[in-house]
Amino acid sequence: MAMVSTLEEHHIEGLAALCVELYVAKENIPRLRIKRREHQPEGSFTQILIQYLQMSAGTQMIFLLRFASMYLQYVFCAINDPIVDSTNISAVILPDLVKKFAFICTRCMPELCDLGEKIIHDDDAFPNREWIFQLYSSKKFQQILQQIKLTFPEWVELEIKVNPEQDLLNVVERFNHYTWAVYRKYLPMEEKDGGCNNDYRLAARLILEKLINSYTSQHISPLQECARCSEAQNFSRLTNSTEMVTALQGLVISFHHGNNADEDQLKTPKLPWLLDYLRREAFDSQEISTNAKVTAFFRLYMYLPSYLLFMDSLSPHSWAPLSMKRIINLLNKHLIMLDMGNCLPLSLTTNILKGLSAVDSVTGKEVMKEFLSGCPLVMVSVMIHVENLKHIIKWTNYLQTIFDLLEQIDRTFDEVEAVFPASCGKDLDTSVISLALLSATLRRKSRNGVHFMLEKMAKHREVLSIYAELLLCYCSRNEQLWPSNSYLSITNVVRGILADLLTSHQVLHSLCTENEAQTVVQRIFPDVVFKLKHITLIRIICQCGSLSISTKEGNLTQILILFRTVSALFESVLKSEENRKLPAIKDPMTVMDLIAATNFIKRCIQEAPIVYLQVLDQGLLAECGTEVQEEVHIRLIAEGFR
């Protein structure tokens, strides 16, 4: 494409004529396949050529305009009229060519759209402009446009691919074109003809979908270029995505206009438009492409009015109280796919809180408590970012209560409070207090005052159990995201606190059994973290080196059950079919981990009270392997019991 600007008129005319003849005779010519492409498209030479003619830069548009006009001229003049005028136009003219030609013509010749004078005044840069205008306006081509129509989704996709730095239009001209295309052409057009039927939500959904696809295609399936284009780097990969977001912003603030404007949500509870899109797309799996789409969705949300996550417009009739539970369930399901560490970024957390505050202001009802109580990932994100959110926290009573709780916990860490205040969190669930403890731990980034705090919390067994579960999953998450740094910085601090909880506060049983803590954790961390947390737990138990944990009643059995679980996981990893069931995790359990765990358990058996060994379940011992069985047998014989 770097050489197209040097081609003269007769070169392009000859190429166009050749492409027409090759396409007419396509049945007698072998089909082509581009093997370097991921999807390996197959078709005739003309189809492949036109499919990959790019329009991201002005020079590319000019070439395609010249080529398409010559192609159409040759068809109209050299091919029998009955063929061209028949309903089977695709026998001679490719739909891709017609759509690209129509896209460039309406974009670069505003006189075709009643937008005023022509944009390009340099006839050398835009040769044969008047003739192209006549060709587009001709009866034959208008008949073709009746059958081959450039739809709104196709227009959005082509527009996004344009590089604004190399465009033929400047910023003002581009926005003039957007206004005409969106509001004058496609919004009033019937949906069956490729338009939006005056439905603002439909138009916004189509733009949102194309923007998300554009983002994921750039990050998952990067554009492949030939060596010459790649080396020359004449065309950067900058797209019009940012400017298309502006068009989307204009649509979403106009939802009270057009068809399907604000309905009485009190009578018919519906999800907000933005979350309904998330539900329709069914981003259910843990595949990389799915996570990329969810990430793109929430990044785009940051450019939109914050209230859109909860209601379509700032009108009381747009709010449906009964839909809050569905909103919470959807967000719990998708927010954990973001892979942004163990809390949401500050910008997203801020936008969500602003949206909730907008709902409070419009409806006069405080929905903050219901939402944050049901969405612990957002709750812990608010707590971690508390210093940057104080200007928002003052907006609602519930957030002020959370802020007071965090201050009281900090005072306990700092040994200012002699006991954990009885009034601390009196109106809050135990899960909220546990999340506050986690956020305080992560914000402090040290173990200073932790031992003191744990002593004061000793009577709050349920809070400590949930706190320990959160710390464990935090460590497991970091091991998966940053394996080489899993023993550094804050992760090492969290490991130390968890070891203290295991040895001094007996939380092992709660970590190995199903309880309320797991319900909270599953709304914060991805499923794979929850499935592999036992590996992290047995690593921490082995590394802390304290055998006292096995001297507590019931703990030896729990350790053996834990060992059986991770051994079974290790065996499943060895099988390739089972390994595929663990998304994004490679070798979660190593041979060295298994050896270390076996040696630790053998030491525990040597130190445990003999009465605990006598009551061990024989089936459990058999599942733990012959080494463990033999160690128990030797110990019992040594004590004179067998």
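**Surroundings of valine 529 and serine 510**

Leaving aside residues up to four places away in sequence, valine 529 is in contact with Cys473, Ser476, Arg477 and Gln480. In this predicted model, valine 529 lies within helix 27, which spans residues 527-544. The C-alpha atom of valine 529 is separated by 5.8 Å from that of arginine 477, although the two residues are 52 residues apart along the chain. Valine 529 is classed as buried because its relative accessibility is 0%, the cut-off for this class being under 20%.

A second position, serine 510, belongs to helix 25, formed by residues 508-512. The side chain of serine 510 reaches the backbone oxygen of valine 507 at 2.8 Å, and, when residues up to four places away in sequence are not counted, serine 510 also touches Ser465, Glu469 and Asn515. With a relative accessible area of 12%, serine 510 likewise falls under the 20% limit and is therefore buried.

Considered as a whole, the protein chain contains 33 helices and two strands. Of its 642 residues, 51% are buried, while the accessible surface amounts to about 29,700 Å², with carbon and sulfur atoms accounting for 51% of that area. Among the contacts made between residues at least 6 apart in sequence, 74% connect residues that are at least 24 apart; the pairing of valine 529 with Arg477 is a contact between residues 52 apart along the chain.

Methods
Residues numbered from 1 in each chain as written. Predicted model: local features only at pLDDT ≥ 70, side-chain atom pairs only at ≥ 80, totals over all residues. Heavy atoms only, no water. Helix = DSSP H or I, 4+ residues; strand = E, 2+ residues; numbered from the N terminus. Buried < 20%, exposed > 50% of the residue type's maximum accessible area, 1.4 Å probe, protein only. Contact = heavy atoms within 4.5 Å. Areas by Shrake-Rupley, 256 points an atom, 1.4 Å probe, with all protein chains shown as cover. Polar contact = N/O pair within 3.5 Å; in protein donor to acceptor, adjacent residues only side chain to side chain.
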